[in-house]
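Reader: I have a few short questions about this one. Can we go through them one at a time?

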Amino acid sequence: HFRITNPHPVFLALRAPLMSDHSTEETGNENTELHSVNYEPLPHNTHSFHLEFFDPDPEQAAGSIRSKLKDWEYPGEATFEYLDPPNDLEVKNKPLDAAPHLLGQWTSTAISGNDITSSCLYVIGAVAAEAGMLTPFVLLTVVLLLYCFRSVYTEVGQALPLNGGSYTLLLNVAPKWIASLAACLTILSYVSTAVVSGLSAMTYLDVWEWDHHHIVISTIILLGLFALLNLLGVSESAVVALFIFSFHLITLTILNSFAFYYTCTNSTVFLSNWEHAFDISQPVKAFAFGFSAGLLGVSGFESSANFIEQQKPGVFPKTLRNMWVCVAIINIVTSFLALAVVPIDHLLDSNDTASQNNLLSEMGKIVGGDWLMYLVITDATMVLSGSVLTSYVGVVGLVRRLALDRCLPQILIQKNFRGTNHFIIIGFFLVCTSLLIILRGDSTSMEGVYTMCFLSVMCLYALGNMALKYKRGTMPRQIQANWLTVIVAFLGVLTGLILTVVRDPTELMWTAIYFSVTLLLVGIMFIRVRLIRYSMFAIQVILLQRFPRLYLRFAEPMKEWARKLTKQPYIFFADEDSLALLNKAVLYVKENEQTTVLKIIHVFSDQDNMPSKFVENIKILGQCYPTLKIDFLAVRGKFGPEIVEYISQNLHIPKNLMFISAPGGRFPHNIATLGGVRVITSGKSRRVQL
């Protein structure tokens, strides 16, 4: 009985769908039947309606919906089972890409530090071309911003100690398509890293004064060489990375020592350069554009998060600290000494790109002679080539994870006789080569693409940290970055991203082109079942009446393909029988995964204390979501790595297709020991008092 106040006539349209998961499309717009409407006018412009409804049986409605599904769309009948594992379960589960030995502090720092410390070889010249003598102050600002990200990455690494960086973070706190967006940007960042590092290495090696075309060709050869090494199974070695890292630090120490002595004994260039510091007509603009170019110097800071599972406990925060200290000392000190040795006129000349790209080798020749120049060239070639190898290793791991999560085609997981993923390696080489050729080896444009991709990933990482605080606040971690730090970090990289676009809008065009191609491939994977359904409908309209045999030839393989795609089961471990919690899990699966089978598993140790409404609530969900088969499995035992591994082997379901609620502070296990299980809800259901 409704009482409505309205000075105008009221027309009330009633529509009550039976199902709650947007079933108006699935049910053919079957609505609750309106039995009667009695209208009675009341004084003071008030109208009264008496409504009576007839609501059909929900189980009958769900059955009628399933009866309308095609044979390949029918999910099957739900099952309710009990599983009693043996008492002596062994922990056999390992991370998806686990290493046999965990890495220590310095080997982990070397692997990730080669990327970030090698940036001084090209970023100082790029910043000096924009900011001139303000370069040290610009790089100091970048270092302070990087300090904010130390706590951001540390908090995420302690809450989610899983490989994958920003993709894994967003996969556990946001919808899957947002995580895939970050993955596409990360892939493009790896592409740009390989191209920029390879081109910079060949530019430093240019002691024979090659022309630009020879440098591009030599860079392609370098990319092909590392592709061949990866195809043969020669991946990154922690010992080799430590040697390169140590050699790089020793070389920079020698270079800066000679430069400091040279400045103390010959200050003519230093004083002459500082006179130009007051000739900058627009210092704010110069500082801003220098800041956007200087952010290229912190690329690689996120690389430690990509192999956090291979590090010993407690090592990850130390690697972040070590990288920050290295980049703070190297970039600021080296930039100051370089501007005290090399005439600033060469760096400010936009046509003199050689002086900008070979700044440190030219600096070595001035302060120490040819031997120091060749030492810097050797160091630059080694460390920048190591960054190319790191890019190959990183992109192979990320693309494999995307393929395992069904975001990319499964063919990419295939391995050759050497046990390497040849499709990923060859595809990465072709993409890098095409980018190098299309941009004609223009290092400035590629550095812009590199910076935009890297800063976009950093922005998403900061947003992911905010989502982690809000949606996964119960997950245990020892260090939490305060909100002000996270906001400053986000605004800092966002400002740098905007300034990069303003500085050269063409960089946005090339970034958008390559990003769109990557995003299109991932997007097709997200809607492939729907595309199959639309294609079958089109084939049916065109061929069924006139060419039935031809229709069957096309339709049957497509049906089998769709059936194969949607029959992959997923698992949600439920610790309580709350209908709200179970419904959240079902909605997540329907919105993010292409499957028709979800298994809800409850692990219990005491049958007497087992929640009693699991079966009842799962039956209700089965009625509400008739296109999804929701099974229930009760497993005796204690939830942990042993149970997860046993269920994965027993049901033949990969652990990365298993979901849990956010664990609380009393959870006795590290989430990494669960082998890639995804967090999709905030834990215990929230009960709202009305």
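Reader: Start with T681. Is T681 buried or exposed, and why?

Author: This is a predicted model, so take the values as computed from it. T681 counts as buried because its relative accessibility is 2%, and buried means under 20%.

Reader: Which element holds T681?

Author: Strand β9, which covers residues 678-681.

Reader: What does the side chain of T681 make a polar contact with?

Author: With the side chain of S661, at 2.8 Å.

Reader: And which residues is T681 in contact with, leaving aside neighbours within four places in sequence?

Author: R472, F572, L581, K584, I660, S661 and A662. S661 is thus on the contact list and is also the partner in the polar contact.

Reader: Changing topic to charges. How many salt bridges does the count come to?

Author: The count comes to 12 salt bridges. One of them joins the side chains of R477 and E155, at 3.0 Å from N to O.

Reader: Where do R477 and E155 lie?

Author: R477 is in the loop between α18 (443-471) and α19 (483-503), and E155 is in helix α5 (residues 135-159). They are 322 residues apart in sequence, so the salt bridge ties together parts of the chain with that separation.

Reader: Are R477 and E155 buried or exposed?

Author: Both R477 and E155 are buried.

Reader: What about K176, which side chain does it meet in a salt bridge?

Author: The side chain of E593, with 2.9 Å from N to O. This pair links distant parts of the chain, 417 residues apart: K176 is in helix α7 (residues 176-204), and E593 is in the loop between α23 (579-592) and β6 (597-604).

Reader: K176 and E593, buried or exposed?

Author: K176 counts as buried because its relative accessibility is 2%. E593 also counts as buried, at 6%.

Reader: Now E556 and K559. Where do they lie?

Author: Both lie in helix α22 (residues 548-566), 3 residues apart, which is about one turn of the helix. Their side chains meet in a salt bridge at 3.8 Å, N to O.

Reader: Why does E556 count as partly exposed?

Author: Because its relative accessibility is 42%, and partly exposed is the range between the 20% and 50% cut-offs. K559, at 14%, counts as buried.

Reader: Which residues do salt bridges with shared partners join into one network?

Author: E155, K469 and R477.

Reader: On to rings. How many aromatic pairs does the structure hold?

Author: The structure holds 14 aromatic pairs. Among them is Y153 with F301: the ring centres are 5.6 Å apart and the planes are at 90°, so this pair is edge-to-face.

Reader: Where do Y153 and F301 lie?

Author: Y153 is in helix α5, and F301 is in the loop between α11 (283-294) and α12 (315-341). The pair therefore ties together parts that are 148 residues apart in sequence. Y153 is buried at 0% relative accessible area, and F301 counts as buried at 0% relative accessibility.

Reader: Why is the Y588 and F659 pair edge-to-face?

Author: The planes of Y588 and F659 are at 80°, and over 60 degrees counts as edge-to-face. The ring centres of this pair are 5.6 Å apart. Y588 is in helix α23 and F659 in strand β8 (residues 658-661), so the pair ties together parts 71 residues apart in sequence. Both Y588 and F659 are buried.

Reader: Back to Y153. Which residues form one aromatic cluster with it?

Author: F149, F301 and Y461 form one aromatic cluster with Y153.

Reader: What about the surface, which residues make the nonpolar patch?

Author: L520, I524, I527, L531 and Y534 make a nonpolar surface patch of about 470 Å². Helices α20 (505-526) and α21 (528-543) each supply at least two residues of it.

Reader: Y534, is it buried or exposed?

Author: Y534 is exposed, because its relative accessible area is 52%. Y534 lies in helix α21.

Reader: Last one, S197. Where is it, and is it buried or exposed?

Author: S197 is in helix α7 and counts as buried, at 1% relative accessibility. Leaving aside neighbours within four places in sequence, S197 is in contact with L384, S387 and V388.

Methods
Residues are numbered from 1 along each chain as its sequence is written. This is a predicted model: local features need pLDDT of at least 70, side-chain atom pairs count only at pLDDT 80 or more; totals for chains, interfaces and linings use all residues. Side-chain values use heavy atoms; hydrogens and water are left out. Helices (H or I, at least four residues) and strands (E, at least two) are DSSP runs, numbered from the N terminus. Buried means under 20% relative accessible area, exposed over 50%, partly exposed in between (1.4 Å probe, protein chains only). A polar contact is a pair of N or O atoms within 3.5 Å; within protein, one must be able to donate a hydrogen and the other to accept it, and residues adjacent in sequence count only if both atoms are side-chain atoms. Contact means heavy atoms within 4.5 Å. A salt bridge is a side-chain nitrogen of Lys or Arg within 4 Å of a carboxyl oxygen of Asp or Glu. Patches are made of residues with over 30% relative accessible area and no salt bridge: like charges are joined within 9 Å, nonpolar side chains (Val, Leu, Ile, Met, Phe, Trp, Tyr) within 5 Å. Accessible areas come from the Shrake-Rupley method with a 1.4 Å probe; for residues, only the protein chains shown count as cover. Rings of Phe, Tyr and Trp (its six-membered ring) pair if their centres lie within 6.5 Å; planes under 30 degrees apart count as stacked, over 60 as edge-to-face and the rest as tilted.
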